[in-house]
Amino acid sequence: MFKYVGRRLLVVAPTLLGVMLIVFFLTYTIGNPAVLLVPPEATPEDIARVEAVLGLDQPVAVQFLRYIGRIARFDFGVSFYSDRPALNLVVQRLPATLQLSLVALVIAILIGLPAGLFGALWRGKFADVALSASVLFGMSIPNFWLGLMLIILFGVQLRLLPISGSGTPAHLILPAITLATGMLAMIARLVRNDLLDVLNADYVRTARAKGVSNTIVFIRHALKNALTPVITVLGLQLGALLGGAIVTESVFAWPGVGRLILQSIERRDYPVVQAATFILAVIFILTNLVVDVVCATLDPRIVYE
Amino acid sequence: MRISPGKLALSILLLLITGLGLAQKDIVIGADTNGEHYDPQRGLSGSAHIMMAMFDGLTRLDPDGTLRPSLAESWELVNNNTWRFTIRQGVKFHNGESLDANVVKLNIDRLITPHQTRASLGSTVTGATVVDDYTIDITTVDTDPLLPSKATGFLIGPASMEQDPDNDSTEFNRHPIGTGPFKFVEDVPGEYIRLEANPDHWNGAPEATSLTFRIIPDRSVQLAELISGGVDFIENVTPELIDLVNRSDVAHVVQTGSAISHTIVFRQDVESPLQDKRVRQAINYGVDIDTIIDNVLSGYATPLATVVLPIALGYNPDVTRYPYDPERARELLAEAGYPDGVAIEFDFTPSIGELYNTEVLQAIARQLEGVGIKLHLNSLEYGIAIQRVYGDDTVNPAFRWQWKTWYNDPDSILYGFFSTGGSASYVSYPEIDDMLHRARYNLDNEERAQIYRDLQVIIKEEAIHLPLYNLQTLYGVSDRLDWQPRVDGRLYFAQTKFRD
């Protein structure tokens with residue numbers, strides 16, 4: 001297994017290089033940040049001077065080589081807007097995003113998993129239908145709308161929870177619920193369907209025929225096997241979540257990475273966009289690796305190659 | 001040292017009272033963004049409100065736009081190219097450094113260093129000369145009647161700002177120091193910036209003990225925070241929500257005319273039917289702006305005849321909008337050789353144009369369709385739009401734009417839209433260029449006003465734009481505050497009083 005992990009880690013560097021290459025050319029094509037930095041009265045000469053300061057007057061090839069050189073030293077430069085080191089800006093925002101994502105994920109698992117389990121157990125009964133309906137609702141409801149509704153109910157009407165911002169655990173509740181809802185519904189649905197598939201599988205029937213108790217069959221044989229796809233999906237979800245839940249972060253004024261990236265793209269603040277993409281790519285690659293390892297541990301049919 | 005229980009109790013009581021007082025006089029502002037840069041020569045427009053709290057300019061504007069002394073007590077023209085400013089004595093920066101003419105010179109020199117993002121503000125300035133400790137001469141390329149007004153933007157930082165030889169303001173930006181009514185306390189990127197009152201401000205200490213600019217990107221959430229008392233101040237309340245705010249018992253709406261002119265620009269420098277004056281006039285005749293203002297904007301806008309606002313120097317009340325006359329529009333179109341109508345590519349950006357911009361444009365497109373002019377509306381992302389209009393001039397033949405009038409003077413907006421080479425100008429009229437030039441370098445305000453009045457006649461006759469309106473700005477303000485709006489749209493809290 002260590003060999004496998006080692007080999008996977010070796011691929012990280014070229015993957016990152018590829019990502020950074022794409023990011024460079026994408027940022028290069030979406031336009032000129034100098035125009036956005038100067039006031040509207042600025043003359044073309046003013047714009048040209050700012051371009052020169054930002055190094056944007058150089059040929060693309062020169063800019064690209066400089067960029068690669070900087071990245072190799074983990075130097076992403078400073079934000080065009082705040083003059084702060086781009087990497088610091090991103091790293092500063094990571095804890096908030098991690099906190100929100102993990103809490104949302106835990107909520108989603110704590111509710112979604114049992115919901116899926118009971119749905120499978122009570123298949124076709126009223127409870128299952130009710131659960132399925134709620135799941136459909138949870139999956140379909142748009143994040144921003146749910147967030148606003150929660151704000152109106154718990155923040156404005158009942159005055160139980162803070163409306164926006166961060167700082168106390170109470171601030172975390174509404175955004176975490178908003179973010180968890182969609183995920184929770186997906187987990188519940190996946191668990192239910194996978195379990196139903198597995199419960200009909202031959203090996204489960206064999207286990208039952210051998211006289212193994214229902215509980216043991218359910219936990220050891222069915223659940224363990226049903227979880228593999230759930231974990232794969234969860235891993236991907238977590239990767240995406242760490243990229244920042246842009247909508248949820250914006251609604252609740254949560255100071256996470258997602259908002260920073262969105263704002264930086266709007267402003268053409270390339271150093272920050274590049275630093276953020278780099279960090280996110282690293283996180284995503286590592287999350288995927290962890291998911292693969294966990295899946296292989298759960299399911300001996302998956303072999304490390 | 002021994003403290004008697006009585007004294008201890010008294011000091012605790014005092015502490016509690018002042019503590020409560022502090023809590024009550026904190027003003028929390030819900031803002032879209034903070035701008036994040038607080039260097040007096042580099043700070044960007046997004047941080048303007050915060051800059052105004054921390055820094056003073058050489059001059060300042062009253063809420064109604066009248067020019068007043070600030071760090072400069074007085075100013076006079078000593079010769080055609082030189083303005084002499086007398087600097088206020090005894091002014092201290094937040095870190096205790098003193099203000100004098102040398103410090104002002106340093107700031108002016110720094111402003112006109114080409115790579116500063118705010119350099120265009122000092123584009124007419126050639127240099128500054130210290131006359132004595134409290135007198136400084138600022139020289140300009142040509143006679144600049146607007147220099148004292150522009151000096152409202154010449155924000156002054158302390159001498160210690162300039163320690164880095166590369167002019168890199170990273171360090172200073174982490175802890176900005178000015179002379180303004182509020183001092184920097186902390187900046188948490190993405191969350192808030194907090195300032196506290198400067199009790200030693202030359203113009204008296206503000207009543208508010210602290211200001212917190214909280215970033216709340218979603219405007220519905222800003223409103224939710226306002227009506228539940230979470231923030232004391234928001235911008236951009238929409239007309240249909242005025243009642244909600246006023247009925248909340250914690251906040252009210254303050255309304256004022258904005259200094260932003262909304263308009264539709266026609267390019268005359270690219271091949272299109274808009275090169276024909278009759279087509280441009282047809283468009284002007286074909287739009288019923290009053291109906292749009294009433295129905296789409298709930299009446300919260302004033303139609304404009306040209307981009308020149310009524311508050312601006314040389315506003316010409318005799319120049320009126322083209323009346324709504326679809327018949328005349330069709331005639332003109334036919335005369336221009338388009339009896340079967342024309343199609344025009346049109347660019348807009350939802351975020352340029354503020355309130356219900358997209359809906360307004362859809363209404364205009366519908367009205368123009370009725371006279372045979374088909375607008376193809378293309379929505380552009382903000383950065384792309386800025387790039388196409390100010391950068392590489394690849395914008396479509398007609399586009400939606402806006403411009404703010406500064407110091408109640410039309411110089412910037414007229415240059416921007418109508419001078420050859422102006423940053424949002426796609427026309428070239430030598431006559432207009434000449435008039436703009438004569439007004440810009442003229443010290444006689446009455447002569448300038450007359451030139452601007454004449455200009456508006458030409459701008460209308462040529463139908464260079466389809467002028468739209470200027471909006472009413474609606475602020476949501478906590479009932480605790482007596483806050484005064486400003487013509488320039490800047491948020492200023494140094495004079496804000498608390499209702500008790």
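With which residues is A:Leu195 in contact, once its neighbours within four places in sequence are left aside? In this predicted model, the contacts of A:Leu195 are made with A:Leu117, A:Ala120, A:Phe218, A:Ala222, A:Leu223 and A:Ala226. A:Leu195 belongs to the largest nonpolar core, a set of 58 residues in which A:Leu195, A:Tyr67, A:Phe76 and A:Val90 are those with the most contacts. At least two residues of this core are supplied by each of α1, α4, α5 (86-121), α8 (169-199), α9 (202-209), α10 (214-242), α12 (257-267) and α13 of chain A. Of these helices, α8(A) gives the most to the core, contributing twelve residues. Another core, which lies apart from this one, has 54 residues, including B:Phe93, B:Ala151, B:Ala197 and B:Ala208.

Helix α1 of chain A, formed by residues 2-29, comprises 28 residues and reaches 41 Å from its first C-alpha to its last, a span close to the 40 Å expected at 1.5 Å a residue. Along α1(A), a kink of about 25° is found at A:Ala13, shortly before the proline A:Pro14. The buried residues of α1(A) are A:Tyr4, A:Val5, A:Val12, A:Leu16, A:Met20, A:Val23, A:Phe24 and A:Thr27. Several of these positions recur at short intervals, as with A:Val12, A:Leu16 and A:Met20; an α-helix has 3.6 residues a turn, so residues three or four places apart point the same way. The buried residues of α1(A) pack against two other helices of chain A, namely α4 (60-72) and α13 (270-298). Just after α1(A), a positive phi of about 130° is taken by A:Gly31.

In chain B, four strands form an open sheet in the order β4-β5-β7-β6, with antiparallel pairing. The edges of the sheet are occupied by β4 (72-79) and β6 (125-132) of chain B, each of which has a single partner strand, so that one side of each is left without a neighbour in the sheet. From one strand to the next, the twist averages 25°. The antiparallel strands β4(B) and β5 (residues 82-87) of chain B are joined by six bridges, and B:Ser74 stands opposite B:Thr86 in β5(B). Helix α3 of chain B, which spans residues 101-111, packs on the sheet and touches β5, β6 and β7 (135-140) of chain B, while the direction of α3 makes about 170° with that of β6(B).

Note on methods
Residues are numbered from 1 along each chain as its sequence is written. Chains are lettered from A and ligands numbered from 1 in the order in which they are written. This is a predicted model: local features need pLDDT of at least 70, side-chain atom pairs count only at pLDDT 80 or more; totals for chains, interfaces and linings use all residues. Side-chain values use heavy atoms; hydrogens and water are left out. The expected span of a helix is 1.5 Å times one less than its number of residues. The bend at a residue is the angle between axes fitted to the seven residues ending there and the seven starting there. Buried means under 20% relative accessible area, exposed over 50%, partly exposed in between (1.4 Å probe, protein chains only). Contact means heavy atoms within 4.5 Å. Two strands pair if DSSP finds at least two bridges between them. Axes are lines fitted to C-alpha atoms, for helices over the stretch in contact, and angles run from 0 to 180 degrees between N-to-C directions. A nonpolar core is a set of buried Ala, Val, Leu, Ile, Met, Phe, Trp, Tyr and Cys residues joined through side-chain atoms within 4.5 Å.
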